[in-house]
Structure formats: structure tokens, C-alpha cells
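Trainee: I've got a model open and I'd like to talk it through with you. Shall we pull it up and start with how far to trust it?

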Amino acid sequence: MKKLSLVLALGALAWVLPCGSVEATPLFYAKFEAKYAGAVAKPEFVALVKETKCNICHVKDAKSKKERNPFGEALHTAGLDKKNFPKDRVDGMPDAVQKEVFEFFEKASAVKSPGGMTFGELIKAGKLPGEK
């Protein structure tokens with residue numbers, strides 16, 4: 001029984017660690033996945049989203065998860081902030097939280113990426129918005 005508990009605890013830790021913070025970051029990734037990598041998305045894009053996880057918005061191999069890529073900066077500029085999504089609000093108002101996060105995604109999707117296309121155009125083309 002102790003071994004099973006240890007395995008379950010390590011599994012949970014392994015699931016949380018790729019996104020760094022245990023606060024809102026997994027929420028934002030889950031909402032991005034729900035909005036853009038759902039049933040109608042191309043399997044290649046879904047796989048890319050699942051592989052990239054937090055680096056959709058954050059700089060890969062950065063010293064701090066506060067370091068955002070251009071899409072992450074667009075979301076932050078639009079007002080997306082984990083401080084606005086405490087656990088009790090996320091748990092108590094899931095529909096309102098999803099609507100609000102999706103609105104931030106829409107705002108950021110309208111912003112031009114460094115490559116010239118909007119982030120929304122990149123997503124529609126099957127590319128991640130944080131790619132260079």
C-alpha cells in the first residue's frame with residue numbers, strides 16, 4: 001500500500017512539474033487546449049499542443065516561468081493574470097472562468113506576432129503562437 005501511495009504521489013508530481021507553478025498556469029494551458037486543440041483540431045496540432053504545454057506562453061528553458069514568449073506577453077498585456085483566478089473562483093465559477101479566459105485568448109489572438117501574422121492566424125495555420 002505504501003508503494004502504491006508513493007507511485008501515485010510521484011505521478012501527480014510529474015504531471016504538475018512541467019507547468020511549474022501549481023496555480024493558474026495549468027488552468028490556462030487546459031483552457032488553451034480546450035479552445036484550440038479540441039475535437040475539430042488537426043491531430044498534428046493537438047500533439048504539438050500536448051508536447052509544448054506551458055511553452056505555448058512561456059520561454060522554453062528560461063530561468064523563470066515569468067519569462068513569456070510573444071504570445072504570453074500578448075495575453076499578459078490583454079490582462080490575463082493568474083491573480084484573478086484563485087482556486088475557489090475557478091472551482092466555484094467554472095463557466096465564468098472559462099468564458100473570461102477565452103476572451104483573453106481572443107484578444108491576444110488579434111495581436112500581430114513578430115512574424116507579421118496575428119497569433120490567431122498562426123493557430124488557424126496549425127502553428128503554435130509562441131513559435132519563432
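**Confidence first, then contacts**

Trainee: How many contacts beyond four places in sequence does the model have for residues 12-23?

Mentor: Keep in mind that this is a predicted model. Over residues 12-23 the pLDDT stays under 50. Where pLDDT is low, the predicted coordinates should not be read in detail. With that caution, the number of contacts beyond four places in sequence for this stretch is 10.

Trainee: And in which helix is confidence lowest, and in which is it highest?

Mentor: For the protein, the mean pLDDT is 85, with 80% of residues at 70 or more. Confidence bottoms out at a mean of 47 in residues 2-16, which form helix α1, and peaks at 97 in residues 94-109. Over residues 4-10 the pLDDT is below 50, and that stretch has 0 contacts beyond near neighbours in sequence. So the lowest is helix α1 and the highest is helix α6.

Trainee: Okay, on to packing. Are α2 and α3 roughly parallel or antiparallel?

Mentor: Helix α2 covers residues 25-36 and helix α3 covers residues 43-52, with axes 11 Å apart. The angle between them is about 175 degrees. Anything over 145 counts as roughly antiparallel, so α2 and α3 are roughly antiparallel.

Trainee: How many of the residues in the contact of α2 with α3 are charged?

Mentor: From α2 you have Y29, F32, E33 and Y36, and they meet F45, V49 and K50 in α3. The contact includes 5 nonpolar residues and no polar ones. Glu and Lys count as charged, and the number of charged residues here is 2.

Trainee: Now salt bridges. How far apart in sequence are D91 and K87, and which helix are they in?

Mentor: Their side chains meet in a salt bridge, 2.7 Å from N to O. K87 is exposed, because its relative accessible area is 62%. The two are separated by about one helical turn, since they sit 4 residues apart in helix α5.

Trainee: E103 and K99 form one too. Which of these is exposed and which partly exposed?

Mentor: The closest N and O atoms of that pair are 3.6 Å apart, and the partners lie 4 residues apart in helix α6. The cut-off for exposed is over 50%. E103 has 40% relative accessibility, so E103 is partly exposed; K99 has 54%, so K99 is exposed.

Trainee: What about E73 and R68: what is the N to O distance?

Mentor: Both are partly exposed, E73 at 33% relative accessible area and R68 at 29%. Their salt bridge is one of 6, and its N to O distance is 3.6 Å.

How values were computed: Residues numbered from 1 in each chain as written. Heavy atoms only, no water. Axes fitted to C-alpha atoms, helices over the stretch in contact; angles between N-to-C directions. Parallel < 35°, antiparallel > 145°, perpendicular 65-115°, else oblique. Contact = heavy atoms within 4.5 Å. pLDDT = per-residue confidence, 0-100. Salt bridge = Lys/Arg side-chain N within 4 Å of Asp/Glu carboxyl O. Buried < 20%, exposed > 50% of the residue type's maximum accessible area, 1.4 Å probe, protein only.
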